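Visitor: I am new to this structure and would like a close look at a single part of it. Please take the aromatic rings and their surroundings, and begin with a strand pairing.

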Amino acid sequence: FPIEPTQELIAQSIDLTGTILRCNQETTFWLTYTNFSSEPTSGYVSLVADELANFVAAYPPADSIANNTLYWFYEDLYPTHSDQIKVTYLMPGVEAIGEELNFEAGIQTWEGEGVGQDQDFNFSELACAYDPNDKLVEPEGIGEEHYTLFSDSLLNYTIRFQNTGNDTAFNVLLRDTISNHLDLSSYRFIASSHDVNTEINLSERIIEFKFNNIELPDSNVNEPASHGFVKFSIIANEGIAEGTVIENTAGIYFDYNPPIITNTTSNTFVELYPFGVNADISVFLEGGYDPITESMKTTLRTANLLPLAQPFSTNPYNYTGSEAFANIDDLPTNAVDWVLVEARSGTPNLTTASTMLVERVAGILLADGSIIGVNGQSLIFNELAYGEAYHFVIRHRNHLDIIATNPITANADVTYDFTVSINQAFGEFQQVMLPNGKVAMLVGDYNGDGIIQNTDYDIWLDNPAQNAIYGPADGTLDGIIQNTDFDAWRPNKAKLGNIEIQF
């Protein structure tokens, strides 16, 4: 029946599914690409293989090969239509057992970058013994409980099967019973290795995938061709309770044989992960550097000038965190000063603010450059999503704030060292080289607006001679506001911080 688009758009998708990666065996990957646009599209499909994998064959053959990247060109892919590419690679031997091999598929129209562009990834561990019939879910969740955020309620299920008998399988049936916590009306077919008929029994909540006349050879005759799969997506119901566990198991029937029962996938849905990210971050402050010890001064701590509570509750930070020490003796003896550490999502940009604040934590900077929390250990972030990438930001009350160049993928323990290279901070001239070979944040941003300029000089000028004070114009962090703080500001005047983190 005829279909007329309600709006003009260019949208395509690509799915990359592979069989289990087994030592010294050939592995098959299927690239299924679909046009969701309002008009036919033309462009190319690409596949970047892991360097440990050796290319064997592709059907259809690749139109172009560059290093470990294959390209296929397509023309006039009509709206709602799909096509599929099949590629075979030889996996490495047992010397690479346990290695994670990465494959990346992409689709792009000829109109240019970003128009109709999509990507999919396959990250799999190389195994030397395995069950060829299994069930996968994406996202797989974090930890033993497979914690999954409510915001990741779209689940992608893959059922993989292989004929390991001694004769051809003429028909294969996959039967999947869907949890009551899943919205069956949201079911969407994604891809399959062979032509398949799908039947949904709404009352019994069963989905059946029928591969009729598949003629799947056994693995002894043709190992690469003995594999198959089906992939589909479904969304968790809205309003499910915190801690709801959604499980899924499938039965695989080869002809008239008893079913093979797959493993059971599970996702435990939560609003926030019940564990944090321990961040081990290092930074130096130019104004606090002591050339004699080649570390930072602890004068503020020695003079009992460091506040017991985090000092970022006022403008421009307006941070409401409750980090504090009960008494002065709880402050580490090698403490330099408080710092405010942010985790931001997105990608930093030199001209337009492109990142978003996710979480802030105040910590104590120690003389060796490490930052600890008030618990005496690493900073703990409780609102970061495992598997997501973040850029860390360091803010100090009189040094130019910096944002990390490289993103860090959140997991139980993360590390970022700003001190090893100027390039660790995003942008140009955001840090300065120290005599000890480390790099440091630039001193002189006395009003904390992200720019070192005359307005910072004015802060110093209003307080040119004060003793035993914890103030923003004390750029040298010695508890005294005097000419040395002007001398520290002067070489850095006209330095611009990154627009991402300016106030």
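Guide: In this predicted model, a good place to start is L16, which stands opposite L31 in strand β2. The two strands concerned, β1 and β2, run antiparallel and are joined by seven bridges. Strand β1 covers residues 12–18, and six of its seven residues are buried, so the strand is mostly covered. Strand β2 takes in residues 26–35.

Now to the rings. Across the whole structure, a search finds 30 aromatic pairs. One of them is formed by Y89 and F103, whose ring centres are 5.6 Å apart. Their planes stand at 55°, so this pair is tilted; an angle over 60 degrees would have counted as edge-to-face. The pair links distant parts of the chain, as Y89 belongs to strand β7 (residues 82–90) and F103 to strand β8 (residues 100–109), with their positions 14 residues apart in numbering. Y89 has a relative accessible area of 2% and is therefore buried, the limit for that word being under 20%. F103 is buried too, with a relative accessible area of 1%.

A second pair can be set beside this one. F312 and Y317 have their centres 5.1 Å apart and their planes at 85°, an arrangement that is edge-to-face. F312 is buried, with a relative accessible area of 1%. For Y317 the value is 8%, and this ring residue is buried as well.

Y89 and F103 are also part of a wider group: together with F29 and F55 they form one aromatic cluster.

Some rings have a charged side chain over them. K135 lies over the face of Y157, at 4.5 Å from the ring centre. R397 is placed over the face of Y470, and there the distance to the ring centre is 3.7 Å.

One last feature is the second largest pocket, which has a volume of about 210 Å³. Its lining includes the aromatic residue F36, along with I3, E4, P5, T6, Q7 and L9. S37, S38, P79 and T80 line this pocket as well. Sorted by class, the lining has five nonpolar, five polar and one charged residues. The charged one is E4, because Glu counts as charged.

Methods
Residues are numbered from 1 along each chain as its sequence is written. This is a predicted model: local features need pLDDT of at least 70, side-chain atom pairs count only at pLDDT 80 or more; totals for chains, interfaces and linings use all residues. Side-chain values use heavy atoms; hydrogens and water are left out. Buried means under 20% relative accessible area, exposed over 50%, partly exposed in between (1.4 Å probe, protein chains only). Helices (H or I, at least four residues) and strands (E, at least two) are DSSP runs, numbered from the N terminus. Two strands pair if DSSP finds at least two bridges between them. Rings of Phe, Tyr and Trp (its six-membered ring) pair if their centres lie within 6.5 Å; planes under 30 degrees apart count as stacked, over 60 as edge-to-face and the rest as tilted. A charge sits over a ring if NZ of Lys or CZ of Arg is within 6 Å of the ring centre and within 35 degrees of the ring normal. On a 1 Å grid over the protein atoms alone, a cavity is a set of points where a 1.4 Å probe fits but cannot get out, and a pocket is an open set with protein on both sides within 12 Å along at least five of seven lines; lining residues have an atom within 4 Å of a point. Grid points are joined across faces, edges and corners, and a volume is the space filled by probe spheres set on the points.
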